[in-house]
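This report is for a reader who is new to the structure shown below. Please look at the sequence and the model before reading on.

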Amino acid sequence: MYGSKQESREIILFGFGKLGHRIYEMLTSNFSKITVADNREDIINDAKEYGIDSAFYIDLVDDSKLEELGLDNKILFCAMDEMSLNIFLVLSLKTISSNSTIISVSTSSESTRKLKFIGADKVIDLYESSANRIVDIITRPAVTKVLDEIIYIDNEIRIEEIEIPPKSFLEDKYVSDIDFREFGLILIGITDKELGDDFTFVSRGINHKFDEGDILVLLGESQALEDFYTLLMGQIDE
């Protein structure tokens, strides 16, 4: 995504928990200079046992300690397990670094909004980005080279196709009429039987009308998908 193994810019990865560890593995395929920092001593010990020499245990809320890492002209990747720490880090790094690129992961739309507001250069929403990733893989495969696997880490997220049954509450309604987030889902696209099984990405901005037989391509946690399917199918007998 950012370059080849010979990429000259160094990355400082804040966090080496489950998420940070996996992100490190992804980044090593494109970057040779990666420093790891964490405020948990046991996590840093794990990083060193993993073979990372440039792993430092520091107080992440102490700006002077952060500055000792040498932040300028680097890619600063915030991947702490606690989202509040990522928000605090972005705010601090934006103030004390120069010519750096600040990236943070996010686990909710609210966190994404906050991170963008305080100045993160890029926010990777581990839920929302999943849908966008699918479009990118088809239209711009190079964009997702590094992040390809990160999005699905430790998320019980699935993609399912669900056919709209007869007399569904969706029938004759438009995409804009239904907020799938209320069901804990993201609508990626629709296969319209009347149009010869053509698949339409919702991200293209087309306000499709739902009909019986349309196939919804939905992304969400397993339970949310099952609940939505039960809701749709339950209406058949009513």
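The text below covers the overall make-up, one pair of helices and several single residues.

The model is predicted, so local features need pLDDT of at least 70 and side-chain atom pairs count only at pLDDT 80 or more, while totals for chains, interfaces and linings use all residues. Residues are numbered from 1 along each chain as its sequence is written, and side-chain values use heavy atoms, with hydrogens and water left out.

**Overall make-up**

The protein has seven helices and ten strands. Helices (H or I, at least four residues) and strands (E, at least two) are DSSP runs, numbered from the N terminus. Of the 238 residues in the protein, 47% are buried. Buried means under 20% relative accessible area, exposed means over 50%, and partly exposed lies in between (1.4 Å probe, protein chains only). Contact means heavy atoms within 4.5 Å. Among contacts between residues at least 6 apart in sequence, 64% join residues at least 24 apart.

**Helix 4 and helix 5**

Two packed helices are described by the angle between their axes and the distance between the axes. Helix 4 spans residues 83-96 and helix 5 spans residues 109-117; their axes come within 9 Å and cross at roughly 15°. That angle makes helix 4 roughly parallel to helix 5. Axes are lines fitted to C-alpha atoms, for helices over the stretch in contact, and angles run from 0 to 180 degrees between N-to-C directions. Angles under 35 degrees count as roughly parallel, over 145 as roughly antiparallel, 65 to 115 as roughly perpendicular and the rest as oblique.

On the helix 4 side, Met83, Asn86, Ile87 and Val90 meet Ser111, Lys114 and Leu115 of helix 5. By class, this contact has four nonpolar, two polar and one charged residues. Asn86, in helix 4, counts as buried because its relative accessibility is 0%. Beyond its neighbours within four places in sequence, Asn86 is in contact with residues including Cys78, Ser104 and Leu115.

**Residues in loops**

Ser100 sits in the loop between helix 4 and strand 5 (101-106). With a relative accessible area of 16%, Ser100 is buried. Its C-alpha is 9.2 Å from that of Asp121, and the two residues are 21 apart in sequence. Asp121 is also one of the contacts of Ser100 outside its neighbours within four places in sequence; Arg9, Leu71, Asn73, Lys74 and Leu76 are among the others.

His208 belongs to the loop between strand 9 (198-201) and strand 10 (215-221). It is buried, with a relative accessible area of 12%. Its contacts, leaving aside neighbours within four places in sequence, include Lys173, Tyr174, Ile190 and Asp214.

Both Ser100 and His208 take part in a side-chain polar contact, as listed in the table. A polar contact is a pair of N or O atoms within 3.5 Å; within protein, one must be able to donate a hydrogen and the other to accept it, and residues adjacent in sequence count only if both atoms are side-chain atoms.

| Residue | Partner | Polar contact |
|---|---|---|
| Ser100 | Ser97 | 2.7 Å |
| His208 | Asp214 | 2.9 Å |

Which residues in the loop between strand 7 (157-163) and strand 8 (185-192) have a positive phi? Lys167, in that loop, has a positive phi of about 60° although it is not a glycine. Asp172 lies in the loop between strand 7 and strand 8, and its phi is near 70°, a positive value in a residue other than glycine. Lys167 is exposed, with a relative accessible area of 70%.

Key
Nonpolar A, V, L, I, M, F, W, Y, C, P; charged D, E, K, R; others polar.
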